[in-house]
Amino acid sequence: MLKRCGRRLLLALAGALLACLLVLTADPPPPPAPAERGRRALRSLAAPAAGPGAAAAPAALAREVHSLSEYFSLLARARRAVGPLPGAAARPADGHPRPPAEPLEPRDVFIAVKTTRKFHRARLDLLLDTWISRHKEMTFIFTDGGDEALARRTGHVVNTNCSAAHSRQALSCKMAVEYDHFIESGRKWFCHVDDDNYVNLRALLRLLASYPHTQDVYIGKPSLDRPIQATERVGENRVRPVHFWFATGGAGFCISRGLALKMSPWASGGHFMSTAERIRLPDDCTIGYIVEALLGVPLTRSGLFHSHLENLQQVPASELHEQVTLSYGMFENKRNTVHVKGPFSVEADPSRFRSIHCHLYPDTPWCPHSVVF
């Protein structure tokens, strides 16, 4: 019996070995031609994704394609037809200037500078000597007290009659007045800055000219690394959580006229302050709430805006001409200014704004000549 089993095992092994040899020696099927391989790959790219919830393939991609260039051409046309994907960025995330979208003149831009009376001499005189002096017609100063000397020096001073306190109510009161004056001006762009900002007007115009003012544009720099979490009051005794991005007012931000008009139900005629009370946050947060949470327009983040809340020493002096706003102050208990060489010492120019201005505008009469930066 053992001999019979051993004989059967040997016969089975021999049969398996013979089958393997036949498979290995047989001629393989001819490979598809290169063109056919390419068409198969393109058909697989154009095929709709499988699975529940997968979007159907655009009609333009449903037919057979014969080359990569044809596929990408069809894909581009299909994307244009269906619009941007949900959540896709419609513009560069960093806000760097793109090719001009429309001509833009200084008179098209409304720059609101928020200040308080106690800083008229300490801060505003510096701005009037530097960047405001280049284009006074663009700049409107919003303050909380009358100042004849300031009014004589620049014709665009608005006494908001708001409180001089640095409270969220006082800040929102001034922003409400800024918004209404911009709407009345008929200008294309609204930009808000603080009285410790230097505005590079040429860089600002380049940046804004790359966006149509009729579209929804909200551009600036967030001070947080995540959306702010807030509580929205939706009734007398009802609240709900809400989160959104906002551009910090300390670095400045800009809003197109097209978007500003859509903000009107929550911002015009005193509505801004009641909207701010719904979330109990300051003015710049309220702007973000209206734009992102209520209107669904995303913030376009730009690295060209700077506030005293960041380390300004990291702004390269060689790239000053590209920056839109700069600032000064304290950071981690140290003096926080842009590191730039110039004709003025740190004692004579603690903000470095005069040195920056001479770097950008060396033809300024009070700038010393033959200075190497």
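**A walk through the cavities, pocket and salt bridges**

The largest cavity is lined by Ile111, Cys191, His192, Val193, Val199, Leu204, Gly252, Phe253, Cys254, Phe305, Val324 and Thr325. Before going further, please keep in mind that this is a predicted model. The space inside this largest cavity comes to about 50 Å³. Two elements, strand 4 and strand 9 (253–256), each contribute at least two residues to its lining, and strand 4 gives the most, with three residues. Sorted by class, the lining holds nine nonpolar and three polar residues, with no charged ones.

The structure has two cavities of 30 Å³ or more, so let us visit the other one too. The second largest cavity encloses about 40 Å³. Around it sit Tyr179, Phe182, Phe190, Ile255, Ala260, Met263 and Ile287. Its lining is made up of seven nonpolar residues, with no polar and no charged ones. Tyr179 and Phe182 from this lining also appear among the buried residues of helix 7.

Now turn to strand 1. Val113 lies in this strand, which covers residues 109–114. Is Val113 buried or exposed? Its relative accessibility is 0%, which is why Val113 counts as buried. Leaving aside residues up to four places away in sequence, Val113 touches Leu124, Leu127, Trp131, Thr139, Phe140, Ile141, Phe142, Val193, Asp194 and Asp195. One of these contacts, Val193, is also part of the lining of the largest cavity. Gly252, another residue of that lining, is 139 residues from Val113 in sequence, yet their C-alpha atoms are 9.4 Å apart in space.

The next residue to look at is Lys114. Lys114 makes a salt bridge with Asp283, with 3.4 Å between the closest N and O atoms. This pair links distant parts of the chain, since Lys114 is in strand 1 and Asp283 is in helix 12 (residues 283–294), 169 residues apart. Both partners, Lys114 and Asp283, are buried.

Lys114 also leads us to the largest pocket, where Lys114, Arg123, His166, Leu171 and Asp194 are the closest to the centre of the 25 lining residues. The space in this pocket is about 550 Å³. Which elements each supply at least two residues of its lining? They are helix 7, strand 4 (189–194) and helix 12. The lining residues divide into six nonpolar, ten polar and nine charged.

Helix 7 deserves a stop of its own. How does its length compare with what is expected? With 18 residues at 1.5 Å a residue, helix 7 should span 26 Å, and its end C-alpha atoms are 26 Å apart, which agrees. The buried residues of helix 7 are Ala170, Leu171, Ser172, Cys173, Lys174, Met175, Ala176, Val177, Glu178, Tyr179 and Phe182. After the helix comes Gly186, with a positive phi near 75 degrees.

Helix 7 also takes part in salt bridges. Side chains of opposite charge can pair when their charged atoms come close. In one example, the side chains of Asp144 and Lys174 meet in a salt bridge with an N to O distance of 2.8 Å. Here too distant parts of the chain are linked: Asp144 is in the loop between strand 2 (139–143) and helix 6 (148–153), while Lys174 is in helix 7 (residues 168–185), 30 residues apart. Asp144 counts as buried because its relative accessibility is 14%, and Lys174 counts as buried because its value is 4%.

A further salt bridge joins Arg168 and Glu277, whose closest N and O atoms are 2.6 Å apart. Arg168 lies in helix 7 and Glu277 in helix 11 (residues 271–279), so this pair ties together parts that are 109 residues apart in sequence. Glu277 has 24% relative accessibility and therefore counts as partly exposed.

Salt bridges with shared partners also join Arg121, Asp125, Asp129, Asp147, Arg153 and Arg354 into one network. How many salt bridges are found in the whole structure? The search finds 19.

Note on methods:
Residues numbered from 1 in each chain as written. Predicted model: local features only at pLDDT ≥ 70, side-chain atom pairs only at ≥ 80, totals over all residues. Heavy atoms only, no water. Helix = DSSP H or I, 4+ residues; strand = E, 2+ residues; numbered from the N terminus. Buried < 20%, exposed > 50% of the residue type's maximum accessible area, 1.4 Å probe, protein only. Contact = heavy atoms within 4.5 Å. Salt bridge = Lys/Arg side-chain N within 4 Å of Asp/Glu carboxyl O. 1 Å grid on protein atoms, 1.4 Å probe; cavity = no way out; pocket = protein on both sides within 12 Å on 5 of 7 lines; lining within 4 Å. Points joined across faces, edges and corners; volume = space filled by probe spheres on them. Nonpolar A, V, L, I, M, F, W, Y, C, P; charged D, E, K, R; others polar. Expected span 1.5 Å × (residues − 1).
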